[in-house]
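Trainee: I am new to this model and would like a close look at a single part, the pocket with the greatest volume and its surroundings. Please start from the pocket and work outwards.

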Amino acid sequence: MRCSWKQMVSASVVCTFCAAVGYAAVPKTLVFCSEASPEGFNPQFFTTGSTMDASAIPLYNRLVEFEPGSTKLVPALAQSWTVSPDGLRYTFTLRRGVKFHSSAKFKPGRDFNADDVLFSYQRMADPKHPFHNIAPGQTFAYFEDMGLANIVDKLEKIDDTTIRFTLKHPEAPFIADMAMDFASIMSAEYAQKMKAAGTPEIIDREPIGTGPFQLQSYQKDAIIRYKAFDFYWDGRPKIDNLIFAITPDASVRYAKLRAGECHVMAYPKPADIAQMKADPALSVSAQEGLNVGYIALNVEKKPFDNKLVRQALSMAIDKQAILHSVFHDGGGAAKNPIPPTLWSYNAKIKEYAYDPVKAKTLLSKAGYPNGVDVELWYLPVTRPYNPDGKRMAELIQSDWAKIGVRAKLVTYEWTEYRKRGKTGEQHAMMFGWAGDNGDPDNFFAPILSCDAVKGGGNVSRWCNKDFDALIQKAKLSVQQSERAKLYEKAQEIVHEEAPQIPIAHAIRYKAVRKEVLGFTMDPTSHHNFSKVDLKK
């Protein structure tokens, strides 16, 4: 007899016997109540945390990775690396004996080697690569957002266990960038076999990686099933089965957690935290967020092409009311595109104070004395930087109405929301960012640079040459103090031009059942279960 995922967990979230076959060991199954369906299973295409939780983290590895619970870099598929004195050559020595997953369509004939690194990188970098365009409409989001084609001059295979990146110029965050999800390593052998079979697109839908778990099945908007990879290079996971129960509503996630239908839930509502802390079956932790939630104003569309309008819309939002109503005071008002916990934060910038009278005057000066009609797109799912997009949108709609801005609220299913945002269809769009690597560049290049307009991460569609010059110069320096000064100036430009309205930096909360062992909060907002165990 087979058990459904709900049947596999009891009130104490311990698996029950599914068959009367003596006293054989019961497989350990952990259920994660996630907040959204992934956009896909190839992390090269996407940037959102919900997609990376379901793809990059369980299924793949990078050359280097972040130590769980921190942004400290540790060896992964590369066991070591060296950097030339001029900062241009990065040589990685690859780990031996790393196995790839297998499936009904593919049985690996060799271990991981340098060919897989070449394939994974060149697919993104080379427009003529045979796998560059097999997914119509998809961009290599992070690669393009970060302008890596203008950073890396070449990648060479020295031998099967050695590869070397040669850069066009020094790039301070390069190693940290290589630990990010988009840099996940795929199987070149799998790609070639699927190409020979006439189905190259399979590699993006049915992933083969080296990660701690293998994908078993996926039902959109319902469930993802994984099983532990017995030959994982860093040690087989302690849990046997991992299930993502896709549950967009935070209240429903909490109900499932209480009932024992899941062990860990994504992004609790701030309003529920006190009740969660009082529950003896749950453990609640908090962490100051490396994040920012904002409203992106598409400068390619009227009236957002006018700086005075953008400034007026900023002044018209009562951020303190949003912090109280949406975040339940679990966060702080934002004035910059980076959080105050990050070095180079410009504390001297004066926030656009809530001033409807001045905002209305600015709007009139911009040529809209009778107000204007706009669309405000709001998040359909909970994010680490925003617990309730709809409620926030309603408050902003009310604030803007006071100055004559009539906002029509619009949303889409999460995957569609992201897809449309990449192409520039949006007007004002609610979005945000959770840091990937602890470097300020990660908050500038992927969401505000000119390159990121093409890649789709810059949903403001704002391209400012002076800003770009500053952040590019900052990446050339190895001196953090010099980089910080440049980033502080870059924040001044963003503040003046106002392509986005920073709303809040959220405190992140995590609620897990107490039978879960070894789960840590991650500053990058990822959910990693490779080292997690369950009490017997």
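Mentor: The answer starts at the pocket, follows one of its helices to a nearby topic in the chain, and then turns to charged pairs and backbone details.

Before the details, please keep in mind that this is a predicted model, in which local features need pLDDT of at least 70 and side-chain atom pairs count only at pLDDT 80 or more, while totals for chains, interfaces and linings use all residues. Residues are numbered from 1 along each chain as its sequence is written, and side-chain values use heavy atoms, with hydrogens and water left out.

The largest pocket has a volume of about 540 Å³. Its lining is made of 24 residues, and those closest to the centre of the pocket are Glu39, Phe45, Phe46, Pro136 and Gln138. Three elements each give two or more residues to this lining, namely helix H7 (202-205), helix H14 (414-423) and helix H16 (451-455), and H14 gives the most, with 5 residues. Sorted by class, the lining of the largest pocket holds 7 nonpolar, 9 polar and 8 charged residues. A pocket here is an open set of points on a 1 Å grid over the protein atoms alone, where a 1.4 Å probe fits and protein lies on both sides within 12 Å along at least five of seven lines, and a lining residue has an atom within 4 Å of a point. The helices are DSSP runs (H or I, at least four residues), as are the strands (E, at least two), numbered from the N terminus.

Helix H16, one of the elements in that lining, leads on to a disulfide, which is counted when two cysteine sulfur atoms lie within 2.5 Å. The count comes to 1, and the pair is cysteine 450 with cysteine 463, at an S to S distance of 2.0 Å. The angle about the S-S bond is 95°, and the link between cysteine 450 and cysteine 463 is right-handed. Cysteine 450 sits in the loop between helix H15 (441-448) and H16, whereas cysteine 463 sits in the loop between H16 and helix H17 (465-476), 13 residues apart. Cysteine 450 is buried, at 16% relative accessible area, and cysteine 463 is partly exposed, at 39%; buried stands for under 20%, exposed for over 50% and partly exposed for what lies in between, with a 1.4 Å probe and protein chains only. The loop between H16 and H17 also holds arginine 461, which has a positive phi of about 60° although it is not a glycine. Arginine 461 counts as buried, at 15% relative accessibility.

A positive phi also appears elsewhere in the model, at histidine 328, where the value is near 50°. Histidine 328 is placed in the loop between helix H11 (319-325) and strand S14 (331-333), and at 41% relative accessibility it is partly exposed. Another backbone detail is the cis peptide bond between lysine 302 and proline 303, with omega about 0°, and proline 303 belongs to the loop between strand S13 (291-297) and helix H10 (307-315). For context, most residues other than glycine have a negative phi, and most peptide bonds are trans.

Charged pairs complete the surroundings. The structure holds 30 salt bridges, each a side-chain nitrogen of Lys or Arg within 4 Å of a carboxyl oxygen of Asp or Glu. One of them brings together aspartate 533 and lysine 28, at 2.8 Å from N to O. Aspartate 533 lies in strand S20 (residues 533-534) and lysine 28 in the segment before strand S1 (29-34), so this salt bridge ties together parts that are 505 residues apart in sequence. Another joins glutamate 35 to arginine 383, whose closest N and O atoms are 2.6 Å apart. Here glutamate 35 is in the loop between S1 and helix H1 (49-54) and arginine 383 is in the loop between strand S15 (372-377) and helix H13 (389-401), so the parts tied together are 348 residues apart in sequence. Both glutamate 35 and arginine 383 are buried. By contrast, the salt bridge of glutamate 156 and lysine 154 has an N to O distance of 4.0 Å, with glutamate 156 partly exposed at 28% and lysine 154 partly exposed at 40%. Salt bridges that share partners also join Lys307, Arg310, Glu496 and Glu497 into one network.

How values were computed:
Grid points are joined across faces, edges and corners, and a volume is the space filled by probe spheres set on the points. Ala, Val, Leu, Ile, Met, Phe, Trp, Tyr, Cys and Pro count as nonpolar, Asp, Glu, Lys and Arg as charged, and the others, Gly among them, as polar.
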